[in-house]
Amino acid sequence: MTKILEVKDLCKTYVVNKRQNNVLKNVNFAVENGEMVAIMGPSGSGKSTLLYTASGMDEATSGRIFFDGEDIAKMKAQDLASLRLQKMGFIFQQMYMMKNLTVLDNIILPAVENMTAGENRKDIEQRGLKLMKLLGIEGVADNDINEVSGGQLQRACICRSMINNPEVVFADEPTGALNRSSSDEVMKELVKLNKQGTTIMMVTHDAKVASQCTRVLYIDDGNIKGEHKLGAYDGSEKELLRRERELNNWLNEQGW
């Protein structure tokens, strides 16, 4: 397998009230095509900062970040924005949606902004509806965002992240604001997307969520302290329980 993302000696420093806060310290890791990687660690360990910096949403203080072999840390802002729009998808814990748009209009918004020659809005709408059908929410396409459940809204966010056929989806606590039932539904769809070939990198505090990933990175005090390979998840409840026990044992060894 080829590496789609490679991070070398990544550092991120914030200065607050003239005091320097080193959030990430010489972080090194790689993600291969088709992986589903979870980032776990204590509160304040740098999980979200790592996700945002590795995806180019936040600027690195130093180090190198290669996406498809290209160092995004050296890209111009306009080129980086174009890369994120065309090759990356993003899902957040807070489900940011435009209140004046329908669910479908929110989903297709990144594609409308990235419309290619020969493509029209109707084509994009059909693509959005196809994604909604795959995730079981086609019935709420014309609803306002305050007319759907949290689980439906997060699945809509997944559709939006996939509308431009990204190579990688970055997700920050994608189930964090959901109840267990909705969380299970969303994870089922993310696992399905991963099996179809989409690489996924997510931050989570939930061992059940992380146990459905192929690999877990554990970060503490701005450094990756260890990684645990789980392999592909077959979707069965029995296998999920086994993987969750295995992961929890490993997390305890890391000081979780």
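These are my notes from a look through a predicted model.

**Helix H8**

I started with H8, which runs over residues 237-254 and has 18 residues. From first C-alpha to last I get 26 Å, close to the 26 Å expected at 1.5 Å a residue. Next I asked which residues of H8 are buried. My list reads Glu239, Leu240, Arg243, Leu247, Trp250 and Leu251. They cover an arc of only 100° around the axis, so they sit on the same side of H8. On the face turned away from that buried side I found the exposed residues Lys238, Arg245, Asn252 and Glu253.

What does the buried side pack against? I noted strand E3 (36-40), helix H7 (207-210), strand E9 (215-220) and strand E10 (223-229). Right after H8 comes Gly255, with a positive phi near 95°.

**Leu240**

I picked one residue of H8 for a closer look: Leu240. Its relative accessibility is 4%, so I count Leu240 as buried. Leaving aside neighbours within four places in sequence, Leu240 is in contact with Lys208, Ser211, Gln212 and Tyr233. I also checked Leu240 against Leu24: they are 216 residues apart in sequence and 31 Å apart in space, C-alpha to C-alpha.

**Nonpolar cores**

The largest nonpolar core has 49 residues, and I wanted to know which of them touch the most other members. They turn out to be Met132, Leu190 and Met202. Helix H5 (residues 150-162) gives this core its largest share, 6 residues. For Met132 I pulled the contacts, again skipping neighbours within four places in sequence: Val103, Leu104, Ile107, Ile137, Glu138, Val140, Ala141 and Cys159. Apart from this core lies another, of 29 residues, and I jotted down Val31, Leu51, Leu83 and Val168 as being among them.

**Aromatic pairs**

How many aromatic pairs are there? I count 5. For Phe90 and Phe92, the ring centres are 6.3 Å apart and the planes are at 5°, so I call the pair stacked. Phe90 is buried, at 16% relative accessibility. I also see Phe90 and Phe92 in one aromatic cluster with Tyr52 and Phe170.

Then I turned to Tyr218 and Trp256. Their ring centres are 6.2 Å apart with planes at 70°, so this pair is edge-to-face. The pair links distant parts of the chain, with Tyr218 in strand E9 and Trp256 in the segment after H8, 38 residues apart. Is each partner buried or exposed, or something in between? Tyr218 comes out buried at 1% relative accessibility, whereas Trp256 is partly exposed, with a relative accessible area of 38%.

**Open sheet**

My last entry is a sheet. I traced 4 strands forming an open sheet in the order E2-E1-E4-E5, with antiparallel pairing. Which strands are at the edges? I have strand E2 (19-32) and strand E5 (70-71), since each pairs on one side only. Strand E1 (residues 3-16) pairs with E2 in the antiparallel sense over 10 bridges. Checking one position across from E2, I found Val15 standing opposite Gln20.

Notes. Residues are numbered from 1 along each chain as its sequence is written. This is a predicted model: local features need pLDDT of at least 70, side-chain atom pairs count only at pLDDT 80 or more; totals for chains, interfaces and linings use all residues. Side-chain values use heavy atoms; hydrogens and water are left out. Helices (H or I, at least four residues) and strands (E, at least two) are DSSP runs, numbered from the N terminus. The expected span of a helix is 1.5 Å times one less than its number of residues. Buried means under 20% relative accessible area, exposed over 50%, partly exposed in between (1.4 Å probe, protein chains only). The arc is that of the directions from the helix axis to the C-beta atoms. Contact means heavy atoms within 4.5 Å. A nonpolar core is a set of buried Ala, Val, Leu, Ile, Met, Phe, Trp, Tyr and Cys residues joined through side-chain atoms within 4.5 Å. Rings of Phe, Tyr and Trp (its six-membered ring) pair if their centres lie within 6.5 Å; planes under 30 degrees apart count as stacked, over 60 as edge-to-face and the rest as tilted. Two strands pair if DSSP finds at least two bridges between them.
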